[in-house]
Amino acid sequence: MSTVIPTIKLNSGYDFPMIGFGTFGGNDGSEQVYSAAKAALEVGYKHFDTAYIYETEEALGKAIKESKIPREELFITTKLWPNFREPQHVSPVFERSLKNLGTDYVDLYLIHWPISVEFKGYEFSDCKTTGDMKNTHVPIIDTWRAMEKLVKDGKARSIGVSNFTIPMLEDLLSKCDIPPAVNQVEIHPALPQEELLAYCKSKNIVLTAYSPLGNPGYRGAFKTMEEPIIFELAKKYNKTPVQILLNWGVNRGYAVIPKSVTPSRIKDNLTYFKMEDDDIEAVTALGRKNPIRICDPKNVFGPDCDIFA
């Protein structure tokens, strides 16, 4: 029995599947990402998330091509890394993403981080982070103008951002011609992002949650799936703890992009069901008092790039 996955209408007019397939972390095993993406396509995923820096675009594109699924039935997201934030670099690196993916357009193109660092070249080896990279302070709106041109040229159907705070969104909205359709951010029960979620809903910006399970394999991560309430709800709904966490997000009104390379888990993750409001609140309360952020840009780009300070 297949699950009907809900969609949400973006401010660009396109339908956005609320359960997607993430490909982060696969750059050391593109064959693994290729096989996982094939499995995801076979069980009915329509929304796929990648990024230039992940080095998984090519593997994803290969799986999509071989699936024979019509391109218009799929929703593909990729992202612009901080090395390419100067306007003149946006189109060249975007074209590289299109070539990797084997498509002539993407459904959503995101500014990966609200940070700009030194450009050293377009190869993957040129944009690896070192932990001491200096913010070059390219204005967001300058990058955004180049991305708006991608929309006007029909190469990106929607554009958006990732890891943006409310003040950053406010500033962009005050200057842009095309408003961001999506803000992809870290959300899980240890970091419920209630204020950001309410703000984005008020501005018709859809959130996408990365690390929707709290990144359980990450050293020192909050053990969300070990919380008693998660086990209780899994028993109540006859679902797995992972399915509870993913559907907590979807029921709150945003998309989730779990990743897995295990076919059975890939299939299980594509399960949608309604949760009662009290149960959603009980999970949200886990991180309300002491939120825990796992993905800290200071650890990626260095102390000069603390965007959440």
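A pocket here is an open set of points on a 1 Å grid over the protein atoms alone, where a 1.4 Å probe fits and protein lies on both sides within 12 Å along at least five of seven lines; lining residues have an atom within 4 Å of a point. The model is predicted, so local features need pLDDT of at least 70, while totals for linings use all residues. Residue numbers start from 1 along each chain.

**Exercise 1.** Work out how much space lies in the second largest pocket and what lines it.

*Solution.* Start with the volume, the space filled by probe spheres set on the points: about 290 Å³. Next, count the lining: 18 residues, with L191, Q193, E195, L196 and R293 nearest the centre. Strand 8 (182–186) and helix 6 each give two or more of them, and helix 6 gives the most, with three. (Helices are DSSP runs of H or I, at least four residues; strands are runs of E, at least two.) Finally, sort by type: nine nonpolar, four polar and five charged.

**Exercise 2.** Check the span of helix 8, then find whether its residues are mostly buried or exposed.

*Solution.* Residues 241–252 make twelve, and the C-alpha span is 17 Å, close to the 16 Å expected at 1.5 Å a residue. That expected span is 1.5 Å times one less than the number of residues. Now the covering: eleven of the twelve are buried (under 20% relative accessible area, 1.4 Å probe, protein chains only; exposed is over 50%). Among them are W248 and R252. For partners, the buried residues pack against helix 6 (194–202), helix 7 (228–237), strand 10 (255–256), helix 9 (263–269) and helix 10 (277–284), with contact meaning heavy atoms within 4.5 Å. Last stop: G253 follows helix 8, and its phi is positive, near 105 degrees.

Methods
This is a predicted model: local features need pLDDT of at least 70, side-chain atom pairs count only at pLDDT 80 or more; totals for chains, interfaces and linings use all residues. Side-chain values use heavy atoms; hydrogens and water are left out. Ala, Val, Leu, Ile, Met, Phe, Trp, Tyr, Cys and Pro count as nonpolar, Asp, Glu, Lys and Arg as charged, and the others, Gly among them, as polar.
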